Amino acid sequence: MRESVFLGIALLALGVTPAAAQEETFGGAKGADLSIEAMEPTNEPVDIGLAGDVPYDIARYLLAGGASSGAISPDGALIATTLDVTGQPELWVIPADGGQPRQMTFRTGVDNYRWVPDGSGILYQADKDGDEQPSYFFINRDGTEERVVLPAARGDFRSFGDFAADGQSFVYSSTARNGQDFDIYRATLDGETELIAEGEYFFGVAALSPDGSTGIVSEAVGEDANNLYLLDMADGALTLVSEPSPRASHTLGGFAWTEDSAGFYYSSNVGREFGALSYFDVASGETRVIAETDADIADIELCGAGDRYLAYTISRDGFEQLVVVDREAQAVVDSPTLPEGLYALDCAGGSNRMAITVNGWRTPGDIYSWEIGSGEATRVYVGTLAGIDPDRLVRPEVVRYPARDGVALQGLLYQPTEAMRRQAGVTDLSAPPPVLFRVHGGPSGQSVPRFDAVTQYHVNNGMAVFLPNVRGSTGLGRTYSALDDRERRLDSVRDLVDLLAALGDAGLVDPERAAVTGGSYGGYMVNAVLASYPGSFRAGASLFGVGDWVTALEIASPGLKASDRVEFGDISEPRWRDFYTENSPVALADQIRVPVLYSHGVMDPRIDIAESEIMVKVLRANGVEAPFVRIPDEGHGWRKLSNQLFYFRTEAAFLEEQLGLGGE
């Protein structure tokens with residue numbers, strides 16, 4: 001049912017918004033087993049201590065935060081972003097010249113947004129407690145009118161594509177037809193929809209040409225790879241652009257159409273290790289490489305009248321560099337001085353104004369407004385450190401060590417200072433600190449130097465923290481990202497043990513006091529390394545991770561199915577069913593002999609809560625300590641501040657007890 005909701009005094013008084021008014025809760029595939037003893041978040045007040053007290057309570061770090069990627073309005077006057085100052089992500093707008101941010105949505109949990117091409121408002125999406133089956137909403141520029149464009153529907157996973165040139169219609173992908181495959185739809189802001197093209201597994205529109213005739217379609221063939229097509233918007237015909245073998249990625253940096261719709265810029269690692277800036281000519285069907293380096297080029301934007309400026313970033317070990325080329329002068333423009341970290345770029349129509357969002361190890365989310373070529377950028381939004389002394393934030397060191405089979409492994413090491421260790425009660429400063437491994441998800445994710453509240457807390461309390469990029473991680477070359485495919489997945493688990501040994505041999509950490517944590521695929525890695533290499537780590541914390549790959553792959557959400565076939569093999573084939581029956585963590589759980597903290601969101605559509613429940617049951621039956629945190633109103637991760645506070649306080653207390661912190 002389609003309905004319009006206009007925000008007036010009555011609705012605001014009731015605290016009701018369209019997203020908050022969704023009636024159905026879709027949830028995970030099976031639902032939680034409430035017979036399992038578990039902790040659940042409470043609404044008890046949190047005492048974070050006084051500003052200046054050190055070491056800081058973890059709550060103070062969790063209260064630090066900033067803006068998500070800023071989207072600048074077509075007229076260059078406003079920057080849209082999400083902030084979680086209310087306890088969950090909401091849509092805000094900030095004057096591009098600087099000024100007071102203004103909250104646009106209330107009680108929604110916004111997770112994606114896009115300006116309408118005429119700048120009259122914003123299309124945003126929000127789901128129900130992380131179930132990833134979103135509604136689409138329109139809110140006008142001043143926030144006085146809001147309406148449902150497409151209501152959520154059970155089994156309808158959606159992926160927004162782009163707006164058409166007319167500004168009144170847009171394209172998106174949806175599983176509405178069969179609950180499994182992503183098809184491509186056109187919709188109007190009035191909520192009318194039509195099917196344009198049927199897809200198989202994941203097909204998504206990445207960008208529409210300015211003249212509205214052609215869409216760039218990406219077909220997922222792995223977490224780090226995709227095939228590329230052109231979509232004729234008139235008849236729905238798909239024309240293959242690139243289907244590389246072995247697989248490669250064409251989506252490292254987004255797509256930037258030229259204003260004449262003759263072609264587009266993008267980043268691709270086809271035929272090379274790292275993403276190169278490339279240009280595809282529609283008429284000839286040919287691609288030419290514009291620029292390449294020994295690192296990935298990403299975040300590509302065309303800016304200015306006549307597409308004068310071509311902007312992109314270069315990422316080395318997660319530290320990014322901004323590059324802007326004046327296409328008219330064929331020269332590189334001097335870029336503004338920015339803090340270290342990751343940069344998200346967005347340009348305003350044909351103007352020279354760019355929004356740059358910075359997230360780095362001491363920058364929790366600042367937004368800069370820059371007139372290209374004008375010198376320094378203006379910081380228009382400053383994230384909060386919640387009273388934390390920035391001098392107590394630690395810069396990660398990039399380290400590399402060989403695995404036992406010779407593969408060069410990489411990671412980010414955060415080391416506490418002597419002053420931090422002394423304040424944490426350490427008496428023997430000559431001894432190396434205990435270490436916490438925090439494993440990223442994916443599997444093809446990458447640990448990068450973004451602001452990391454939990455890591456900085458533990459370092460401030462005298463613990464070394466290591467963020468490994470085991471084989472299979474992205475950002476280190478195309479070959480490296482494929483080294484954990486299928487049977488070789490167990491090699492990436494072994495990498496954790498090899499990295500711990502290397503850090504210990506270098507005298508940087510105490511390998512006898514090591515713990516390992518991770519979420520999603522990282523949660524699987526926790527389960528796997530504790531089961532396959534007992535004795536390597538003293539404790540673990542597995543957040544919404546996989547216990548049994550057979551069931552996990554069978555009921556994975558539609559968006560994961562395509563990549564799963566490449567990364568893990570087709571679970572319907574006996575070969576892979578047998579492999580994962582034998583090698584899943586639950587099959588080896590009898591070898592886990594150390595305490596493990598488990599946690600999971602009931603609404604998780606990607607990895608069902610049953611994956612954590614089965615590990616809890618097996619470990620408890622074996623007499624192994626396995627506390628369990630069950631969060632009823634979250635999906636795949638903790639979006640809400642109240643849940644973050646509850647979980648990470650619980651995790652910190654657990655890890656500190658297991659590693660003997662608080663006086664050594």
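This is a guided tour of a predicted model, arranged as a series of selections to make in the viewer.

**The whole chain**

Begin with the entire chain displayed as a C-alpha trace, which spans about 65 × 60 × 55 Å along its principal axes. The chain has 664 residues, and because a compact globule of that length would have a radius of gyration near 26 Å, the 24 Å found here agrees with such a form. Switching to a cartoon brings up twelve helices and 36 strands.

**The sheet of strands 1 to 4**

Select strands 1 to 4 next, which make up an open sheet in the order 1-2-3-4 with antiparallel pairing. Strand 1 (71–72) and strand 4 (102–103) are the edges, and each has a single partner strand, so one side of each is left without a neighbour in the sheet. Strand 3 (residues 90–95) runs antiparallel to strand 4 and is joined to it by two bridges; to find the register, display Val93, which stands opposite Arg102 in strand 4.

**The sheet of strands 5 to 8, and the largest cavity**

Move on to strands 5 to 8, another open sheet of four strands, ordered 5-6-7-8 and paired in the antiparallel sense. Its edges are strand 5 and strand 8 (146–150), each of which pairs on one side only. From one strand to the next the twist averages 30°. Now restrict the view to strand 5 and strand 6, whose antiparallel pairing extends over five bridges, and show the side chains of Tyr113 and, opposite it in strand 6, Tyr124.

Both tyrosines belong to the next selection: which residues line the largest cavity? They are Asn112, Tyr113, Arg114, Leu123, Tyr124, Gln125, Tyr136 and Phe160. Strand 5 (110–115) and strand 6 (121–126) each supply at least two residues of this lining. Colouring the lining by residue class gives five nonpolar, two polar and one charged residue, around a volume of about 50 Å³.

**The second largest cavity**

A search of the whole structure finds two cavities of 30 Å³ or more, and the second largest holds about 30 Å³ of space. To see its lining, select Leu490, Val493, Tyr524, Ala528, Ser532, Asn583, Ser584, Pro585 and Leu588. Helix 6 (489–505) and helix 7 (521–532) are the elements that give two or more residues to this lining, with helix 7 providing the largest share, three residues. By class, the lining of the second largest cavity divides into six nonpolar residues, three polar and no charged.

While helix 7 is on screen, step back to Ser520, in the loop between strand 33 (514–519) and helix 7. Ser520 has a positive phi of about 65° although it is not a glycine. Most residues other than glycine have a negative phi, and most peptide bonds are trans, a background that also serves for several of the stops below.

**Backbone stops along the chain**

Take Asp299 next, another residue that is not a glycine and yet has a positive phi, here of about 50°; Asp299 lies within strand 21 (residues 296–303) rather than in a loop.

Then inspect two peptide bonds preceding prolines. The bond between Ser245 and Pro246 is cis, with omega about 0°, and Pro246 sits in the loop between strand 16 (238–242) and strand 17 (255–257). Gly442 and Pro443 are likewise joined by a cis peptide bond, for which omega is about 25°; Pro443 is in the loop that separates strand 31 (435–439) from helix 4 (453–460).

**A hairpin**

Select strand 29 (residues 397–402) together with strand 30 (residues 408–414), an antiparallel pair joined by six bridges. Val399 is a convenient residue to label here, standing opposite Gly411 in strand 30. The two strands form a hairpin with five residues between them, and in that turn Gly406 has a positive phi of about 95°.

**Helix 12**

Finish with helix 12 (residues 641–659), which has 19 residues. How far does helix 12 reach from its first C-alpha to its last? The distance is 26 Å, close to the 27 Å expected at 1.5 Å a residue. Extend the selection past the end of helix 12 to Gly660, which follows it and whose phi is positive, near 70°.

Terms used
Residues are numbered from 1 along each chain as its sequence is written. This is a predicted model: local features need pLDDT of at least 70, side-chain atom pairs count only at pLDDT 80 or more; totals for chains, interfaces and linings use all residues. Side-chain values use heavy atoms; hydrogens and water are left out. The expected span of a helix is 1.5 Å times one less than its number of residues. On a 1 Å grid over the protein atoms alone, a cavity is a set of points where a 1.4 Å probe fits but cannot get out, and a pocket is an open set with protein on both sides within 12 Å along at least five of seven lines; lining residues have an atom within 4 Å of a point. Grid points are joined across faces, edges and corners, and a volume is the space filled by probe spheres set on the points. Ala, Val, Leu, Ile, Met, Phe, Trp, Tyr, Cys and Pro count as nonpolar, Asp, Glu, Lys and Arg as charged, and the others, Gly among them, as polar. Two strands pair if DSSP finds at least two bridges between them. Axes are lines fitted to C-alpha atoms, for helices over the stretch in contact, and angles run from 0 to 180 degrees between N-to-C directions. The radius of gyration is taken over C-alpha atoms; the globule rule is 2.2 Å times the number of residues to the power 0.38.
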